[in-house]
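Me: I'd like to go through a few of the labels on this one and see what earns them. Can you take me through the reasoning?

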Amino acid sequence: MAGWTRAAQWIALTALSFAFVITLMLVRLPAALLIGPMAAAVILALSGARPGAPRGVFVLAQGVIGCMIARGVPVAVVGEIAKDWPLALFSVVSVVIASNILGYALAKRGGLPGTTAVWGSSAGAASAMTLMSESFGADIRLVAFMQYARVVVVVLAASVVSRLWATPGAELAIDWWPPVDWPAFGLTLVVAWAGALAGKALKIPAGALLTPLALTIALQWSGLLTPELPEWLLAAAYAIVGWSIGLRFDRAIFLHAARALPRIMSGIVALIALCGGIAAALHYFAGVDPLTAYLATSPGGADSVAIIAASSSAIDLPFVMALQTLRLIVVILTGPALARFVARRVERARLPGVA
């Protein structure tokens, strides 16, 4: 495939991505829009294909994802968190600590670089953690591999648990071509593009993601913007990000990821078990419904959990989303400092005679 023209490589990449996305959506995997294109890109990269893409398109895609994350942080969530702040603080801090302990263990004994292990083990905000990690010295390919392996396992586990415990409700259907508020859509694109370019120009770490995210939250909370992000735009942004990450793989990094898979999977299972223990504590000591507690502390992405939670009428969806949103914010704010701290501890532990 390396000898194919660039146009032929892009056609093959698009067709394979579409096939993967359809297959993953048929098995109801919420992260299909990113995992499918990323998997297709990995396959083409391992075959020698390098179609290439304009850097500006990847920057804009990060800006769109930043706006998407911000849309999930409405001002109403502040009241929901304030109402149950002790429970929210306990559950969020517990999950963040548990994920960083596991990241430290993977870095120390799992054969993964310190910052990569911590970013890859971070609980929640998979797309944000993947995109931010590269700016802080981590290998974005391994971080993506770890994050989306966790997404798949967590979503499968949460889906099984919800089907066993929940009272079925209405399934959520994706409206690919909804009516579009064009002025809001245009303003959203301006914020995504201008914010991403400003973040890059100011050399803010992960600025192409975080600057549009911060701008959108500020405009949304002040009532100046209701982010307009139709599903087709998000699908395109996820595909671009997935391709950008997947095409960076080569045989060496793929084999390294494959060798580390047993340790990565054991870490994911351990994190799910720890979060289950935190959910049990919320149930027994605070009287939270068990399924609500499980989904609120689940280390999957907030979007995946929302889809699962909305399929049952027995779940306190505002509570679930408040805790998932708070953890998203905490993870984004504390991720860089925690990654550096754990990486330094790992390096000290590896150097003889250093405390």
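Reply: Sure. One definition to start: angles here run from 0 to 180 degrees between N-to-C directions of the helix axes. Also keep in mind that this is a predicted model.

Me: Okay, why is α1 called oblique to α2?

Reply: Helix α1 (residues 6–26) and helix α2 (residues 32–46) pack at about 140 degrees, with axes 8 Å apart. Roughly antiparallel needs over 145, and roughly perpendicular covers 65 to 115. An angle of about 140 degrees fits neither range, so α1 counts as oblique to α2. The crossing of the two is right-handed.

Me: What makes up the contact between α1 and α2?

Reply: From α1 you get residues including L13, L16, F20 and L24, and from α2 residues including I35, P37, I43 and L44. By class, that contact has 16 nonpolar, 3 polar and no charged residues.

Me: Which residues touch the most other members of the largest nonpolar core?

Reply: I65, I69, L112, W119 and V241, out of 91 residues in that core. Helix α8 (residues 140–165) gives the most to this core, 13 residues. Another core of 10 residues lies apart from it, with A12, A41, A45 and A49 among them.

Me: And why does D250 count as partly exposed?

Reply: Buried means under 20% and exposed means over 50%. D250 has 32% relative accessibility, so it falls in between and counts as partly exposed. D250 sits in the loop between α11 (231–246) and α12 (251–286).

Me: What does D250 touch, leaving out residues up to four places away in sequence?

Reply: L46, R50 and R141. The C-alpha atoms of D250 and S47 are 9.0 Å apart, though 203 residues separate the two along the chain.

Conventions. Residues numbered from 1 in each chain as written. Predicted model: local features only at pLDDT ≥ 70, side-chain atom pairs only at ≥ 80, totals over all residues. Heavy atoms only, no water. Helix = DSSP H or I, 4+ residues; strand = E, 2+ residues; numbered from the N terminus. Parallel < 35°, antiparallel > 145°, perpendicular 65-115°, else oblique. Left-handed = near helix turned anticlockwise from the far one by under 90°. Contact = heavy atoms within 4.5 Å. Nonpolar A, V, L, I, M, F, W, Y, C, P; charged D, E, K, R; others polar. Core = buried A, V, L, I, M, F, W, Y, C linked by side-chain atoms within 4.5 Å. Buried < 20%, exposed > 50% of the residue type's maximum accessible area, 1.4 Å probe, protein only.
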